[in-house]
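Colleague: I would like a close look at one part of this model, the place where the two chains meet. Please take it slowly and set it against the rest of each chain.

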Amino acid sequence: MSFVLVQVIVGGLLLGAVYALFSSGLTLVWGMMNIVNFAHGDFVMLGMYVAYVVYTLLGGGPILGAPLATLVLATVGVVVYFALIRDIMKGPMLAQILGTFGLALLLRYSVFWWFGANFLSMPPNIVGGTYAFAGLRIEASRLLAGVVALLVTLGLHLLLTRTSLGSKMLAVAEDQTAAQLMGIRPDTMQAIAWAIAAGATGLAGALIANFFYIVPTVGETLGIVAFVTVSLGGFGSVPGALVAGLLIGVIESLSGYLIGAIYKDIVVYVLFLLFLWFRPQGLMGKM
Amino acid sequence: MRRLIWLSVVAAIAIAYPLLLSSPFQQRLGALVLLYAIAASAWNIVGGYAGQVSVGHVVFFGCGAYAAMGSYVKFGLSPLFGIPGGIVLAVGLAAIIGVPTLRLSGHYFSMATIAVAETMRLIVTNTDWLGAAVGLSGPTVPRNIFDLSFLSSLPYYYLFLLILAITLLITWWMTNSRMGFYLRAIKDSERAARSLGAPASRTKLYAYMLSAALTSVAGALYAMMFGFVDPESGFGILISVKILIMAALGGAGLLFGPLVGAAILVPLEEISNSWLGGKGAGLTFVLYGAIIVVIARFQPGGLLSLFTRRSKPSKDTGAGHAP
């Protein structure tokens, strides 16, 4: 295998870990409440802008920006849950899709109106230079993003499977009434799930803000990526999202390198359609 | 009987409008309302009646628009000849999206529609044969009447009115046919409908194809009126948003809902654009987003359902569904 190819694959894996991180948020909410957040990609976009604003106002690198973006987005998640999701959850499918889709537009165009359509970017060396490992050249910002995203995604999996909070959330997902009888408040658990899901997007946004172009419409592409990841990995499964996220990162990088940068999104979308045709239950999921 | 009176009043207003309010701006506004009403009514067939929320409906609009302009640019024919081609293209794409996704939960369908619209936009933007980012233009000087290229908006107004009437007639006929009964049963409970033998996936697919065909006609009309189409006006997500929000605001699943939505939103957008200039584009869509959220949260049936709910509570399109 040629050397450049290895470089491309490593780059894809690092980006794929970030995809996995924000997709875990989508899969959590989808699996727990059976609601799909069409604004999920725009949450990531918001995280990018928070990191950018923190940098321009306060300076400081991702050490300051990432936790703040996580906190801001987690708050946004809770507000959105109580103001909108709690009510549309019980409504018809039309209301659910319209509600979160409208939210996506609201966020996207508020940012567009405030910051304009121009591409913003962080200074190139905000995290550090470029490392060389055995001939591979990896930008520090991408390495940081990939490693942190991977660790947090694994942490999220442990939180959901190994802690009492995780068990309570699972209980609510299984049967709200039964959970309530056991003294678990579904409302609180679902709000926490939204805080975690949106917080994950905030962190992911702050991490990729260091090397992505920051632009209001980026949320649309990222939202589809998250959706494809979750469909591939199976709903509610964080490990599924991790594997699928890494896979999509690699496929995207490879197709960008082999076919051309403008076609990398098309490849992901077409892959999604092929999956819907031939394997709608996802790679490892069951219907 | 009361319905018939209402209907004739609406029709009379629609026919008289461009004669009473005859400034070019008002006539153009009227034509645009009707154009978007056609597209939104077409969306309504799949989004309202079949309950499958297409958020990438512009893809069919683009098929029609590109087919119409393509038949002129590539073959020197009148844009009218492109309409059948656009319909075939749109129905084919609808099958590609619909066959796999309409078996699954509605989220997949919605997301697949966005993915396909984005794919088409990216492909068309990068295809030189289709004019790439510049798009295709129609005849600059009309060669004969079949080019449908007029300076005044008046001929477009009546053409669009006719097509809208046909679209609404098709929708009305559909709701009263066997297909309409199936759709209503599926929307109430797909499981129950299936167990009683209603072919759920196939019926939804037919509704989607019908909707796609009509939307592509709307796209062709749009391209003829504006004389050009580019990737943003043909496949941009904002057109999908407009189509969707007009139907949802007026009342998804109600015959005249989309027309009401278009009659409110098109003037609103024209006015906000002329007031705010370029800066208005972003703000208009902030407002659209807010409107959609508010409808979803408080009145998922749309504005018209405020009036129809009392008389027909069982046909409620969604508001107040207790779990």
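Modeller: What follows starts at the contact between the chains and works outward.

This is a predicted model. At the contact, 39 residues of chain B meet 35 residues of chain A. Four helices of chain B each supply at least two residues to the side that touches chain A. They are H4 (82–101), H5 (106–125), H11 (237–250) and H13 (280–298). By type, that side of chain B divides into 26 nonpolar, 11 polar and 2 charged residues.

Take H4(B) in detail. The helix has 20 residues. From first C-alpha to last it reaches 29 Å, close to the 28 Å expected at 1.5 Å a residue. Its buried residues begin with Gly82(B), Ile83(B), Gly86(B) and Ile87(B). Next come Leu89(B), Ala90(B), Leu93(B) and Ala94(B). Ile97(B), Gly98(B), Pro100(B) and Thr101(B) complete the list.

What do these buried residues of H4(B) pack against? Within chain B, they pack against helix H3 (58–73), H5 and helix H9 (200–226). From chain A, helix H11 (264–278) joins them.

So turn to H11(A), as a partner from the other chain. H11(A) has 15 residues. Its reach from first C-alpha to last is 21 Å, close to the expected 21 Å at 1.5 Å a residue. Buried here are Asp265(A), Ile266(A), Val268(A), Tyr269(A), Phe272(A) and Leu276(A). Seen down the axis of H11(A), these buried residues fall within an arc of 165°, so they line one face of the helix. The cover over them includes helix H9 (218–233) and helix H10 (238–258) of chain A. It also includes H4 and H5 of chain B. The face turned away from the buried side carries Leu274(A), Trp277(A) and Phe278(A), which are exposed.

H11 of chain B deserves a stop too. Gly250(B) is found in this helix. Is Gly250(B) buried or exposed? Gly250(B) counts as buried because it has 28 C-beta neighbours inside 10 Å, and the cut-off for burial is 20 or more. Leaving out residues up to four places away in sequence, Gly250(B) touches a run of neighbours including Gly257(B), Pro258(B), Leu259(B), Val260(B) and Gly261(B). Gly302(B), Leu303(B) and Leu304(B) are also among the residues it touches. How does Gly250(B) sit relative to H4(B)? Gly82(B), one of the buried residues of H4(B), is 168 residues away from Gly250(B) along the chain. Their C-alpha atoms are separated by 31 Å.

Now the setting in chain A. Chain A has 11 helices and 2 strands. From the N terminus on, the order is α-α-α-α-β-β-α-α-α-α-α-α-α. The two strands are E1 (residues 130–133) and E2 (residues 136–139), paired in the antiparallel sense over 4 bridges. They form a hairpin with 2 residues between them. In the turn, Ala134(A) has a positive phi of about 45°. Thr130(A) has Glu139(A) as its bridge partner in E2(A). Ala132(A) has Arg137(A) as its bridge partner there.

As a whole, chain A has 287 residues and a radius of gyration of 19 Å, which agrees with the value near 19 Å for a compact globule. Its C-alpha atoms fill a box of roughly 60 × 45 × 35 Å along the principal axes. Buried residues make up 53% of chain A. Among contacts in chain A between residues at least 6 apart in sequence, 78% join residues at least 24 apart.

Chain B gives the other half of the setting. Its secondary structure comes to 14 helices and 2 strands. With 323 residues, a compact globule would have a radius of gyration near 20 Å, and the 19 Å of chain B agrees. The box filled by its C-alpha atoms is roughly 55 × 45 × 40 Å along the principal axes. Of its residues, 54% count as buried. Among contacts in chain B between residues at least 6 apart in sequence, 74% join residues at least 24 apart.

Back to the contact, to close. The buried residues of H4(B) pack against H11(A), and H4 and H5 of chain B are part of what covers the buried residues of H11(A).

Methods
Residues are numbered from 1 along each chain as its sequence is written. Chains are lettered from A and ligands numbered from 1 in the order in which they are written. This is a predicted model: local features need pLDDT of at least 70, side-chain atom pairs count only at pLDDT 80 or more; totals for chains, interfaces and linings use all residues. The radius of gyration is taken over C-alpha atoms; the globule rule is 2.2 Å times the number of residues to the power 0.38. A residue is buried if 20 or more other C-beta atoms lie within 10 Å of its own, exposed if 12 or fewer, and partly exposed in between; C-beta atoms are placed from the backbone. Two residues are in contact if their C-beta atoms, placed from the backbone, lie within 7 Å. Ala, Val, Leu, Ile, Met, Phe, Trp, Tyr, Cys and Pro count as nonpolar, Asp, Glu, Lys and Arg as charged, and the others, Gly among them, as polar. The expected span of a helix is 1.5 Å times one less than its number of residues. The arc is that of the directions from the helix axis to the C-beta atoms. Two strands pair if DSSP finds at least two bridges between them.
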